[in-house]
Amino acid sequence: MLRGKIIVVGVTGGIAAYKSAELVSRLRKAGAEVHVIMTPNACNFVGPLTMQSLSAHPVHVEMFGESKLGGIDHIELAQRAHLLVMAPASANMIAKAACGLADNLLATVLLARKGPVLLAPAMNTAMYLNPLTQANLAKLKQLGYQVLEPGVGFQACGDQGPGRMAEPPEIFAACERILSGMRRLEGKTVLVTAGGTREPIDPVRYIGNHSSGKMGYAVAGAAIEAGARVILVSGPVSLEPPPGAEVVPVGSASEMYQAVMEHFPACDVVIKAAAVADYRPEQSSEHKIKKSGGDLVLKLVQNPDILKELGKIKGDKLLVGFAAETRDLLDNAAEKLQRKNLDMLIANDVTKPGAGFGSDTNLVAILYPDGGKEILPLLGKSEVAREIISRIVALLDKKTKE
Ligand code: C5P
């Protein structure tokens, strides 16, 4: 898969730089053409000669050095590479990237780059958790940079916590996934629902749920990255939609039903990540309900199950559901997959640490109608989203072949 692909590996100044040597070696062994750019600080941790020997190409460090590619190095590199991986990505370089600074060769290449970029942050835990670094990473993710969340554990400085660079095999797998999934949904329309619904009780009150919309927005972002046209039917959330998404805002489950049914005919894939209320108050009072001194009894009536309705009329479209469970995860999920006639179901136990509502990570199992299942490790929601999109691409490919 990597054969003939041009990959630029950017190495910044951090102790994890020694692991990049292994990454470069793996990429090259897999047939990629690897070019390494090191920041001057990175050269304090590993010698350029190491990287040169492993990549079999001259290593670029100086911004104004002699051209090694017979042109303007940074523009040349930024344009030619299929993928740019920054591993390790230091807090300093992440901050520079988020500000658009270009005061060394790697920062300049990054600023001039239009294609995919993968960042593998590595730094001291306190630096990683600093809200400034988190804000910089969030900004870069929002702009479409892919970020491999760092691991948690012992750090070279003696601290414990998040900040360890993802291991080289993990970075390698992410490179493969990005290069295999690139633009694979070009020409496809994907409808994603996200967020929770609000079922009005009166003009000021509603029944809602804890859905933040983060998972659905990440899925929409990953589908856009893969080249799809994305219609994002969203409940009320406090998130910026991914650039390029066509957002259809809705409030209640009934509004979501209307919006989904309206756009369904134009879609190839529907991914229902929204937490849709199963019940709504039978009546929504026209005016604010006043305290009466006694109890208030609300009668709730069933909402339509949007996904189940789609399952009945799906034709050759691909239907993907989400199931948030608090017990008997896989059994409940398998039952839902069959009952709703889905092609794939993403199940998560929302009681597990790091999974479910509001969190930036998720722990999911992916189920298929033939009984197949995969359990993914704890990953950032954007990573989970990309994994889901790569499975959808594979299912679409299988359908085309059938
Ligand atoms: O609520 P439940 O666990 O059944 O949700 C499973 C899937 O069905 C989710 O993908 C959800 O978006 C969808 N759903 C729906 N309409 C409902 C309830 C759930 O589309 N009324």
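This is a walk through a predicted model, stop by stop, with something to select at each one.

**The whole chain**

Start zoomed out, with the full chain in cartoon. You should be looking at 13 helices and 21 strands. Turn the view along the principal axes, and the C-alpha atoms fill a box of roughly 80 × 55 × 35 Å. How does the radius of gyration sit against that of a compact globule? The chain has 24 Å, and for 402 residues a compact globule would be near 21 Å, so the two agree.

Now switch on a surface. Its accessible area comes to about 18,800 Å², and carbon and sulfur atoms hold 53% of that. Buried residues account for 50% of the 402 in the chain. If you draw contacts between residues at least 6 apart in sequence, 67% of them join residues at least 24 apart.

**Two backbone oddities**

Select Ala87 and Pro88 and show the backbone as sticks. The peptide bond between them is cis, with omega near -5 degrees. Pro88 itself is part of strand 3, residues 83-89.

Next, go to Ala56, in the loop that runs between helix 2 (48-55) and helix 3 (73-80). Check its phi: the value is positive, near 65 degrees, in a residue other than glycine. Ala56 counts as partly exposed because its relative accessibility is 45%. Why stop at these two spots? Most residues other than glycine have a negative phi, and most peptide bonds are trans.

**Tyr145 and its neighbours**

Pick Tyr145, in the loop between helix 7 (131-142) and strand 5 (146-147). Is this tyrosine buried or exposed? With 16% relative accessibility, it counts as buried. Beyond its neighbours within four places in sequence, Tyr145 is in contact with Leu110, Val117, Leu119, Leu140 and Arg386. Draw a C-alpha to C-alpha distance from Tyr145 to Leu110: you'll get 11 Å, for a pair 35 residues apart in sequence.

**The second largest pocket**

Now for the second largest pocket, which holds about 950 Å³ of space. To find its centre, select Ala274, Ala275, Val276, Asp278 and Phe322, the closest to that centre among the 42 lining residues. Colour the lining by type and you get 19 nonpolar, 15 polar and 8 charged residues.

Which elements should you highlight around it? Helix 9 (214-225), strand 15 (300-302), helix 11 (306-313), strand 16 (318-325), helix 12 (329-339) and strand 17 (344-349) each give at least two lining residues. Strand 16 has the largest share, with 4.

**Along helix 12 and out into the loop**

Stay with helix 12 and click on Asn332, which lies in it. This residue is partly exposed, at 28% relative accessible area. Setting aside neighbours within four places in sequence, Asn332 is in contact with Glu325 and Arg327. Ala347 is 15 residues away in sequence, and its C-alpha is 9.0 Å from that of Asn332.

Carry on to Lys340, in the loop between helix 12 and strand 17. Lys340 is buried, with a relative accessible area of 13%. Show sticks for Asp305, Leu307, Lys308, Gly311 and Leu319: these are its contacts, not counting neighbours within four places in sequence.

Last stop: Asn341, in the loop between helix 12 and strand 17. Its phi is positive, about 55 degrees, although Asn341 is not a glycine. Asn341 is partly exposed, at 38% relative accessible area.

Notes
Residues are numbered from 1 along each chain as its sequence is written. This is a predicted model: local features need pLDDT of at least 70, side-chain atom pairs count only at pLDDT 80 or more; totals for chains, interfaces and linings use all residues. Side-chain values use heavy atoms; hydrogens and water are left out. On a 1 Å grid over the protein atoms alone, a cavity is a set of points where a 1.4 Å probe fits but cannot get out, and a pocket is an open set with protein on both sides within 12 Å along at least five of seven lines; lining residues have an atom within 4 Å of a point. Grid points are joined across faces, edges and corners, and a volume is the space filled by probe spheres set on the points. Ala, Val, Leu, Ile, Met, Phe, Trp, Tyr, Cys and Pro count as nonpolar, Asp, Glu, Lys and Arg as charged, and the others, Gly among them, as polar. The radius of gyration is taken over C-alpha atoms; the globule rule is 2.2 Å times the number of residues to the power 0.38. Buried means under 20% relative accessible area, exposed over 50%, partly exposed in between (1.4 Å probe, protein chains only). Contact means heavy atoms within 4.5 Å. Accessible areas come from the Shrake-Rupley method with a 1.4 Å probe; for residues, only the protein chains shown count as cover.
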